[in-house]
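Colleague: I'm still new to reading models like this one. Could you pick one part and take me through it slowly?

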Amino acid sequence: MGEFDCYCLLCSGPLVPCDIGSTSRARLTQRRRRIAKKLLAIEEGRSFDSFASDSDEEAGHDSESDCQEGDGDGEVWEQDERRSYDPDVAGNELVGWVEDIRVLGVDGGGRAFVSGRANYDDAGLIYVEQGDDPNQPSISEKPYYDCYVPSNDNEVVFPFHTHCMLVFEEAFKWSCTHSRRGKESLDLTTLYKTATRIGSLTNLNLDYGGISGVDQCWECIPGEEYSVIDPLRFSLDALDFIYKWPSAANPSQPTGSKAKGTETEKVIIDPFNSLPIEILHLICGHLPADALQYFLAASVTAYYATKNESFWKALCLERVPWAWEVWRDIDGDGEKEVVDTKQGKGKVGVNYKKLFFCLERNTEQKFGLGVENRGWLGLVNRRRIWDVCVRVSGEYWEDRKGVDG
Ligand SMILES: [Zn+2]
């Protein structure tokens, strides 16, 4: 059987190291120019072959001379550059986590186990180390398994990144609370059953959020670095201004004389002013961040219907639960303790509206997220993985229903 990759159960990301491109300035310039071209093509609805040679269509002599000049690592082939990630965006410290793998399997008695560290070999074969789960068969008898399907006539296991399982555990807790199931512990045997039921050849038969690296072998697509960035990498420092300036101008509040001057007029022609507040809240709850901002700017009725801080707090918990560090950092009264160099230590209120827009916008998954978005890429990937985990949880509850009767 030929060479092929299998992918993480939860994120469909690679189980093997990613290819990182050249750090030479000329190569970086060329790489980013290609990404800008592809982004433009996507915006214009045109197709763009990421792997095709660009010497014909691009200012060929331009990029060629760029790359000869000061190209310290000439051994990096152009073709490799088109199949590798930007070293400034996907440094080793941000992508090394993909090699931290375990597998979910069942022993001879049908009891689930999580293995020790695992190493993907090839063609579906994966080697495991002995972990601390007492259900794991001894590796002297079972050192290797087949991923997803019995490609090599071994027993089937489901590989996952350790970090993705942590995201799954958080999403599972959230889905229990959200569906009013209360505190339920995760049953790995049911999860194995679910993975078997919805498994495909190299991952699950699920929507993994539109990433395009999955192929016969993983393709490191430039511009999709976010798909392999460690989902646990996120620093609250990115949000500091939310807490320190809780009364700062609101991003979605109509500002300036133009907005004030047209308020009465908007009330008169606002088609939403006959809707009950609950319906307006439902509409707001389903709109993407940008559309929501436009809606609040266009409809004064909607704007005033969402003035209450409790609306934004509920929306945050509903729409951005994956930013769990943020919620742990805020106490029950919606305050956070901060240390300010001028004002000293104290508690400040949280501007949930601002927090919502900040988290939603900065974690929006799109092609071409680069160096300027670096601090957010872990959370972008976590948001994507969280959505997959919620889908897996939904499937899990279907199988659990069968067990519970
Ligand atoms: Zn994963």
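What follows is a close look at one helix, and then at the core and a loop elsewhere in the chain.

Modeller: Sure, let's take helix α1. Keep in mind that this is a predicted model. The mean pLDDT of the protein chain is 85, with 84% of its residues at 70 or more. Two stretches deserve caution: pLDDT stays under 50 over residues 56-76, and it also stays under 50 over residues 244-261.

Now for the helix. α1 covers residues 25-43, which makes 19 residues. At 1.5 Å a residue it should span 27 Å, and its end C-alpha atoms are 27 Å apart, so the two agree. Which residues of α1 are buried? They are Arg 27, Gln 30, Arg 31, Ile 35 and Lys 38. These cover an arc of only 140 degrees around the axis, so they sit on the same side of α1. The general rule helps here: an α-helix has 3.6 residues a turn, so residues three or four places apart point the same way. Over on the other side of α1, Leu 40 and Glu 43 are exposed. After the helix comes Gly 45, with a positive phi near 75 degrees.

To put α1 in context, the protein chain has 15 helices and eight strands. Of its 405 residues, 33% count as buried. The largest nonpolar core has 77 residues, and Leu 10, Phe 356 and Cys 389 have the most contacts inside it. Helix α15 (residues 377-404) gives the largest share of this core, nine residues. Domain 2 (95-230 + 380-404) and domain 3 (236-374) both give residues to the core, so it lies between them. Leaving out residues up to four places away in sequence, Cys 389 touches Leu 10, Val 167, Phe 168 and Ala 171.

One last stop is the loop between β5 (144-147) and β6 (156-161), where you'll find Tyr 148. Tyr 148 isn't a glycine, yet its phi is positive, about 70 degrees. Asp 153 is in the loop between β5 and β6 too, and it has a positive phi of about 65 degrees although it is not a glycine. Are these two buried or exposed? Tyr 148 has 21 other C-beta atoms within 10 Å, so it is buried. Asp 153 has 6 C-beta neighbours inside 10 Å, so it counts as exposed.

Key:
Residues are numbered from 1 along each chain as its sequence is written. This is a predicted model: local features need pLDDT of at least 70, side-chain atom pairs count only at pLDDT 80 or more; totals for chains, interfaces and linings use all residues. pLDDT is the predictor's confidence in each residue, from 0 to 100. Two residues are in contact if their C-beta atoms, placed from the backbone, lie within 7 Å. Helices (H or I, at least four residues) and strands (E, at least two) are DSSP runs, numbered from the N terminus. The expected span of a helix is 1.5 Å times one less than its number of residues. A residue is buried if 20 or more other C-beta atoms lie within 10 Å of its own, exposed if 12 or fewer, and partly exposed in between; C-beta atoms are placed from the backbone. The arc is that of the directions from the helix axis to the C-beta atoms. A nonpolar core is a set of buried Ala, Val, Leu, Ile, Met, Phe, Trp, Tyr and Cys residues joined through C-beta atoms within 7 Å. Domain bounds come from an automatic or database domain assignment.
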